[in-house]
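Visitor: I have a structure to go through and would like some help reading it. Could we begin with the empty spaces inside?
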Amino acid sequence: MTATVDHEALAHTLDSARLERREVAPLTREHPTLSVPDAYAIQEAGIRLRLSHGERVVGLKMGLTSEAKRKQMNLDSPVYGVLTDRMQIPADGVIQLSQGVHPKIEPEIAFRTARELRGTVTRDQVLDACESVFAAMEILDSRYRDFKYFSLPDVVADNASSSLFVLGTTEHPPRALDLTRLEMTMSVNGEPAQSARSDAISGDPVVSVIQLCELLAQRGQVLPAGSIVLAGAATAAHMLRPGDRVQLTVEGLGIVAVSAE
């Protein structure tokens, strides 16, 4: 890590921007040598701030897992961020756009773990450890100006652009479905906006969990039992506007929807 970088101070910068709903310049503008390990240290400091505000960690999310998403953000490596209880919106709930900077929404597959996973794991170990799979959508919201053209360390430091998430109410054991072949369609105001098959997520959504465990191990961490894991976006994100009604239909996993105002 870079010795001259004050991780706590930069975490405060991003947390203040989140709370005040304002944009800031990417951190690498002032710290061009910022590394990915630096960025995860900033992310972790930011989560400690959220915990000090009374939030509780409920899971993690993977980012940059689809080719479409990597092209959209001009980045090329998967990353992870942390989910807290206050980020979750109930199914059919409402997203208050005024509480964000420039929120976008994307279609996902989510897992819930029943057992801890750590280090290098196999696909079978992930399937055995996960009790449920869901349709899900993640609402992204970067604190950075214009939400584009920033670096991998910038993304990681900003908690991988995490903002909110919603889970479907239909859940199945992960072995009950072929998770690589689920058709996914996200509609906005009744019109199809994005569609893909679930293998657009890391080639297999389970691979996202495998990669997450590897990334956590690099930080000396594990994936706890009871965690929600958002496996990553299947398509590019949709910019939310007031009045939008967004519905995701996933083959075998039903429908999940939210509204924006």
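Guide: A definition comes first: on a 1 Å grid over the protein atoms alone, a cavity is a set of points where a 1.4 Å probe fits but cannot get out, whereas a pocket is an open set with protein on both sides within 12 Å along at least five of seven lines. Lining residues have an atom within 4 Å of a point. Grid points are joined across faces, edges and corners, and a volume is the space filled by probe spheres set on the points. This is a predicted model, in which local features need pLDDT of at least 70, side-chain atom pairs count only at pLDDT 80 or more, and totals for chains, interfaces and linings use all residues. Residues are numbered from 1 along each chain as its sequence is written, and side-chain values use heavy atoms, with hydrogens and water left out.

Visitor: How much space lies in the largest cavity?
Guide: The largest cavity holds about 150 Å³. Its lining has 14 residues, and those closest to the centre are Leu 14, Gly 46, Ala 157, Asp 158 and Asn 159.

Visitor: Which helix gives the most to that lining?
Guide: Helix 2 does, with five residues. Helices and strands here are DSSP runs (H or I of at least four residues for a helix, E of at least two for a strand), numbered from the N terminus.

Visitor: And the largest pocket, how much space is in there?
Guide: About 400 Å³ lies in the largest pocket. Of its 23 lining residues, Arg 18, Arg 21, Gln 99, Ser 163 and Leu 164 are the closest to the centre. Helix 1, strand 4 (94-95) and strand 7 (162-167) each give two or more residues to this lining, and strand 7 has the largest share, with three.

Visitor: Changing topic: how many aromatic pairs are there in the whole structure?
Guide: A search of the whole structure finds one. Tyr 40 and Tyr 80 form this pair, which is stacked, at 4.5 Å centre to centre and with 25 degrees between the planes. By definition, rings of Phe, Tyr and Trp (its six-membered ring) pair if their centres lie within 6.5 Å; planes under 30 degrees apart count as stacked, over 60 as edge-to-face and the rest as tilted.

Visitor: Which parts does the pair tie together?
Guide: Tyr 40 lies in helix 2 (residues 36-52) and Tyr 80 in strand 2 (residues 79-84), so the pair ties together parts that are 40 residues apart in sequence.

Visitor: Is Tyr 80 buried or exposed?
Guide: Tyr 80 counts as buried, at 1% relative accessibility. Tyr 40 is buried too, at 5%. The term buried means under 20% relative accessible area, exposed means over 50%, and partly exposed is in between (1.4 Å probe, protein chains only).

Visitor: What does Lys 61 touch?
Guide: Lys 61, found in strand 1 (residues 57-63), touches several residues more than four places away in sequence, including Tyr 80, Glu 138 and Ala 160. Contact means heavy atoms within 4.5 Å. Lys 61 is buried, with a relative accessible area of 2%. A polar contact of 2.8 Å joins its side chain to that of Glu 138, and the side chain of Lys 61 also reaches the backbone oxygen of Ala 160 at 2.8 Å. A polar contact is a pair of N or O atoms within 3.5 Å; within protein, one must be able to donate a hydrogen and the other to accept it, and residues adjacent in sequence count only if both atoms are side-chain atoms.

Visitor: Where is Asp 204 placed?
Guide: Asp 204 is in the loop between strand 9 (191-197) and helix 6 (205-218). The side chains of Asp 204 and Arg 123 are joined by a polar contact of 2.6 Å.
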